[in-house]
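Visitor: I should like to learn how to read the features of a protein model. May we go through them in turn?
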Amino acid sequence: MISLQQIAVRAGVFALDDVSFVVPSGAYGVLMGPTGSGKTTLIEVICGLRKPAGGRVLVNDIDVTREPPGNRGIGYVPQDGAMFPTMTVREQIGFALRIRRLPRTEIDRRVDELSARLGVAHLLDRRPAGLSGGERQRVALGRALACRPAVLLLDEPLSALDETMRTGMRDLLKSVQRDFGASILHVTHDRSEAAALADVLFILSDGRVQPAEIHKQ
Ligand SMILES: Nc1ncnc2c1ncn2[C@@H]1O[C@H](COP(=O)(O)OP(=O)(O)OP(=O)(O)O)[C@@H](O)[C@H]1O
C-alpha cells in the first residue's frame, strides 16, 4: 500500500499544496497528467529523493516520511533507467544488495534468479552502453526488484520502447505485480498503457490528484 496524505512540495516556483491518494496493497496504480503537472516530483517525494514541505507518505501503513530512501522498502525505476556506466549488468542488479552487505553467494543467487525471470541472464557480463532500450529497462527493473520492495515506482518505463517491446514489457510488468506482490505506481502519458495496466487510475492536474475511470480496451 502506498498512501500520500496531504502532501505539499515545492520545486523552484512549482508547488503542490494538498495531494492525497492511496494505491491499495498489491494493486497496480497508474498516475497520468499533463507535462509539468508534477508527476516526477511526487514520485521523488514517495521514494525520499525530495523532501515534502508538509504531509505524510505511508508504505504498508508505516510512516516513512522521514526515512532515507534506502529504508523505505521502495524500488524506483527513474525515467531514463539511469545506469551506472562502468558497472556490468550483474553489478547493476546486485548494487543495492552489496550496499546492504548481503553475502556474495546470496547476491549471486538473487541476481541469477531475477535476471532469468526478466530475460536478461545472457547480458550479465555486459555494460549499459551496448544495451537496447528494452534491455536497459529490464535491467533497471531488476535493480529495483533486487531488495524485494513492498512498493515499486516506475516513471514512464515504456516511453523509450517501440510498439513490440512495449507490449512485451507491459506483460512483464503485470507478471511482476502478480509474482512479487508489490504495490506499483506507474507514471505515464499513454492512455492505452494506463488502460492495459491499471487497477486504479489517478489524474494529476492543476495541483490536484483525482481518481479516474479505467476504460479497458
Ligand atoms: N529542481 C527544480 N527547480 C525548479 N523547478 C523544478 C525543479 N524540479 C522540477 N521543477 C518544475 O516542477 C514542475 C513539475 O515537474 P515534474 O518533472 O514533476 O513534472 P511531470 O509531470 O513529471 O512532467 P513530464 O510529464 O514532462 O515528465 C515543472 O514545471 C518543473 O520545471
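**Helices, sheets and rings**

Guide: Let us begin with a helix contact. In this predicted model, Gly134, Gln137, Arg138, Leu141 and Leu145 of α4 meet Met165, Gly168, Met169, Leu172, Leu173, Val176 and Phe180 of α5. The residues of this contact of α4 with α5 comprise eight nonpolar, three polar and one charged.

Visitor: At what angle do helix α4 and helix α5 pack, and how far apart are their axes?

Guide: The general idea is that two packed helices are described by the angle between their axes and the distance between the axes. Here, helix α4 (residues 133–145) and helix α5 (residues 163–180) pack at an angle of about 15°, and their axes are 11 Å apart. That angle makes α4 roughly parallel to α5, since angles under 35 degrees count as such. The crossing in which α4 passes α5 is right-handed.

Visitor: How should the packing of α2 and α4 be read?

Guide: The reading proceeds in the manner just shown. Helix α2 (residues 89–99) packs with α4 at an angle of about 30°, with the axes 6 Å apart. The two helices, α2 and α4, are therefore roughly parallel to each other. On the side of α2 the contact is made by Val89, Gln92 and Ile93, and on the side of α4 by Val139, Gly142 and Arg143. Three nonpolar, two polar and one charged residue make up the contact of α2 with α4. α2 passes α4 in a right-handed crossing.

Visitor: Let us turn to the sheets. In what order do the four strands of the open sheet lie?

Guide: As a general idea, in a regular strand the side chains alternate between the two faces of the sheet. In the open sheet of four strands the order is β2-β1-β4-β5, and the pairing is antiparallel. The edge strands, β2 and β5 (62–63), each pair on one side only.

Visitor: Over how many bridges do β1 and β2 pair?

Guide: Strand β1 (residues 2–11) pairs with strand β2 (residues 14–23) over seven bridges, in the antiparallel sense. Ile2 has Val23 in β2 as its bridge partner. The two strands β1 and β2 form a hairpin with two residues between them, and Gly12 in the turn has a positive phi of about 60°. β1 also pairs in the antiparallel sense with strand β4 (residues 54–59), over five bridges. In β4, Val57 is the bridge partner of Leu4, and Arg56 is that of Gln5. Helix α1 (residues 39–47) lies across β1, β2 and β4 and runs at about 115° to β1.

Visitor: What is the order of strands in the open sheet of six?

Guide: That order is β6-β7-β8-β3-β9-β10, with mixed pairing. β6 (74–77) and β10 (208–212) are the edge strands, and the twist averages 20° from one strand to the next. Strand β3 (residues 28–32) and strand β8 (residues 183–187) run parallel, joined by four bridges; Leu31 stands opposite Val187 in β8. α4 lies across β6 and β7, running at about 165° to β6.

Visitor: How many aromatic pairs does the structure hold?

Guide: A pair of aromatic rings is described by the distance of the centres and the angle of the planes. The structure holds two aromatic pairs. One of them, formed by Phe21 and Phe202, is tilted, at 4.8 Å centre to centre and 40° between the planes.

Visitor: Why does the pair of Phe21 and Phe202 tie together parts far along the sequence from each other, 181 residues apart?

Guide: Phe21 lies in strand β2 and Phe202 in strand β9 (residues 200–205), so the pair ties together parts that are 181 residues apart in sequence.

Key. Residues are numbered from 1 along each chain as its sequence is written. This is a predicted model: local features need pLDDT of at least 70, side-chain atom pairs count only at pLDDT 80 or more; totals for chains, interfaces and linings use all residues. Side-chain values use heavy atoms; hydrogens and water are left out. Two strands pair if DSSP finds at least two bridges between them. Axes are lines fitted to C-alpha atoms, for helices over the stretch in contact, and angles run from 0 to 180 degrees between N-to-C directions. Angles under 35 degrees count as roughly parallel, over 145 as roughly antiparallel, 65 to 115 as roughly perpendicular and the rest as oblique. A crossing is left-handed if the near helix is turned anticlockwise from the far one by less than a right angle, and right-handed if clockwise. Contact means heavy atoms within 4.5 Å. Ala, Val, Leu, Ile, Met, Phe, Trp, Tyr, Cys and Pro count as nonpolar, Asp, Glu, Lys and Arg as charged, and the others, Gly among them, as polar. Rings of Phe, Tyr and Trp (its six-membered ring) pair if their centres lie within 6.5 Å; planes under 30 degrees apart count as stacked, over 60 as edge-to-face and the rest as tilted.
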